[in-house]
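Trainee: I am new to this structure. Could you walk me through it, one feature at a time?

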Amino acid sequence: MQERVLVTGANGFIASHITKLLLEQGFAVRGTVRNPSNLEAVGFLKALPSAGNLELVSADLNDEGAFSSYTEDVDYVIHAASPFFIDVEDVERDLVRPAVRGTVSALEAAAKSTRVKRVILTSSMAAVTDAPDDRVLTEADWNEKSSAKRNPYYYSKTQAERAAWAFINRDNIGFDLVVINPFMVAGPSLSTGISTSNQLFIDIANGQYPALMALNWGFVDVRDVAQAHVRAMTAPNAKGRYICSAGNMDMHQITDIMRSAGVRGKLPFFDMSGQLGTAAMKLLSHFQPSGIGSYLRTHLGSVPHFENSKIRRDLGIEFRDVEETICDTVNDLIEWGHLSV
Ligand code: NAP
């Protein structure tokens, strides 16, 4: 019998790749979106090969029991929907509540069904650390420092993942929870929309960064993140959390790749990535919107170090090279018309 998967936020950057991969592998997918009749948001999903096996239903993370009527006949749930914004007006309303309530609703819906075998939660490196330091991050690490004022998006992801583990540790839960913790996700988009993570490249080209800064990210390709979710769903030995990141790249390297690809605009030239420049940038960050300011103060000058052996061993993930991912992202943004050459 064909197995069915509930994918929440199916039109999102990551979830649309998960949906595509599931359809390619012969699963039936029930995808939740805010409004299934908004063709601008979901038309590209309906045009996927095997979209005959895709059903779109409506759900909002803020609604009680958002997913309760969608799980009776599904075998797996992949909960990917969550607000992804670095700066918001109201942290509780715009980030924490939908992230936590949505996660609990997805788990409650799974618990209502006798058929769901496993729930995969898209968490984040944001639930692993508030700010990278010299330590090598593993699945045992938890973000203990973020708050509504300090890296609020990180706080929302940490609270949501903690709520998920608290839920699953209750008695009589008849399914497993497996959590994927991706670092910065880049790669080609299946739709014209720009994800918050790919927005980085556009911001660099548009002169949002006045200078080259000491910023370094752990990156992972969206196609590998999708693969990790699908393998986490079916691999019998999948268990616990999985750090999902391929390698690092800094702002200098990204800007060089963009320049080589012929990207025009206001690519930063002036180098403020040394110690003095970093100190100056941290001071200037106080004039930025609060979420961006706290991100800069906690990330400038640090390089994330992480261990990805668990996901490679248990799920057999062979990560694409970060340079390939960044080149593909830049070319994709050019093709969609978001970057000019
Ligand atoms: P995305 O493209 O913004 O996708 C987010 C999805 O969540 C969208 O489908 C969005 O729907 C949905 N959503 C947000 N608020 C909602 C609400 N109140 N009700 C219903 N749906 C709502 O972002 P993404 O990068 O694919 O992120 C997907 C997941 O990966 C998130 O959990 C994010 O925290 C996590 N993650 C992302 C990265 C990254 O670098 N991209 C890294 C680590 C973890 P609309 O389209 O209607 O807004």
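Trainee: How many residues surround the ligand, and which are the closest?

Mentor: Keep in mind that this is a predicted model. Start with the ligand's neighbours. The ligand has 25 residues around it. N11, R34, Y153, K157 and V185 are the closest.

Trainee: Which classes of residue make up the shell around the ligand?

Mentor: Sort the shell by class. The count is 13 nonpolar, nine polar and three charged residues.

Trainee: Which helices and strands each supply at least two residues of that shell?

Mentor: Look at helix α1, at α4 (152-168) and at β8 (184-186). Each of these supplies at least two shell residues.

Trainee: Which atoms of N11, F13 and K157 lie at short range from the ligand's oxygen atoms?

Mentor: For polar contacts, look for N or O pairs within 3.5 Å. Then ask whether the protein atom is in the side chain or the backbone. In N11, a side-chain N or O atom is 2.8 Å from an oxygen atom of the ligand. K157 also uses a polar side-chain atom, 2.8 Å from a ligand oxygen. With F13 the polar atom belongs to the backbone, and the distance is 2.9 Å.

Trainee: How much of the ligand's accessible area does the protein cover?

Mentor: On its own, the ligand has 880 Å² of accessible area. The protein covers 86% of that.

Trainee: Now the strands. Is β1 mostly covered or mostly open?

Mentor: Check burial residue by residue. Buried means under 20% relative accessible area. Strand β1 spans residues 4-8, and four of its five residues are buried. So by that cut-off β1 is mostly covered.

Trainee: Which strands pair with β1?

Mentor: Follow the bridges and note the direction. β1 runs parallel to β2 (residues 28-33), joined by five bridges. β1 also runs parallel to β4 (residues 76-79), with four bridges. L6 is a handy marker. Opposite L6 stand R30 in β2 and V77 in β4.

Trainee: What unit do β1, helix α1 and β2 make?

Mentor: Trace the chain from strand to helix to strand. β1, α1 (residues 13-24) and β2 form a β-α-β unit, and its hand is right-handed.

Trainee: Why is strand β10 described as largely enclosed?

Mentor: Use the burial count again. β10 covers residues 216-221, and six of the six are buried, so the rest of the structure largely encloses this strand. Then look at both faces. N216, G218 and V220 point one way, while W217, F219 and D221 point the other. All of these are buried.

Trainee: How does β10 pair with β8 and with β12?

Mentor: Compare the directions. β8 and β10 run parallel, with three bridges. M184 has F219 in β10 as its bridge partner. β12 (residues 247-250) pairs with β10 in the antiparallel sense, over four bridges. There, N216 stands opposite D250.

Trainee: Last, the backbone angles. What is the phi of S50, and what is the phi of N151?

Mentor: Check the sign of phi, then the residue type. S50 has a positive phi of about 65°, yet S50 is not a glycine. N151 is not a glycine either, and its phi is positive at about 45°. Now place them. S50 sits in the loop between α2 (39-46) and β3 (54-58). N151 belongs to the loop between β6 (136-137) and α4.

Trainee: Is N151 buried or exposed?

Mentor: N151 has 3% relative accessibility, so N151 counts as buried. S50 is at 41%, so S50 counts as partly exposed.

How values were computed. Residues numbered from 1 in each chain as written. Predicted model: local features only at pLDDT ≥ 70, side-chain atom pairs only at ≥ 80, totals over all residues. Heavy atoms only, no water. Buried < 20%, exposed > 50% of the residue type's maximum accessible area, 1.4 Å probe, protein only. Pairing = 2+ DSSP bridges. Right-handed = clockwise from strand over helix to strand, strands pointing away. Near = heavy atom within 4 Å. Polar contact = N/O pair within 3.5 Å; in protein donor to acceptor, adjacent residues only side chain to side chain. Areas by Shrake-Rupley, 256 points an atom, 1.4 Å probe, with all protein chains shown as cover. Nonpolar A, V, L, I, M, F, W, Y, C, P; charged D, E, K, R; others polar.
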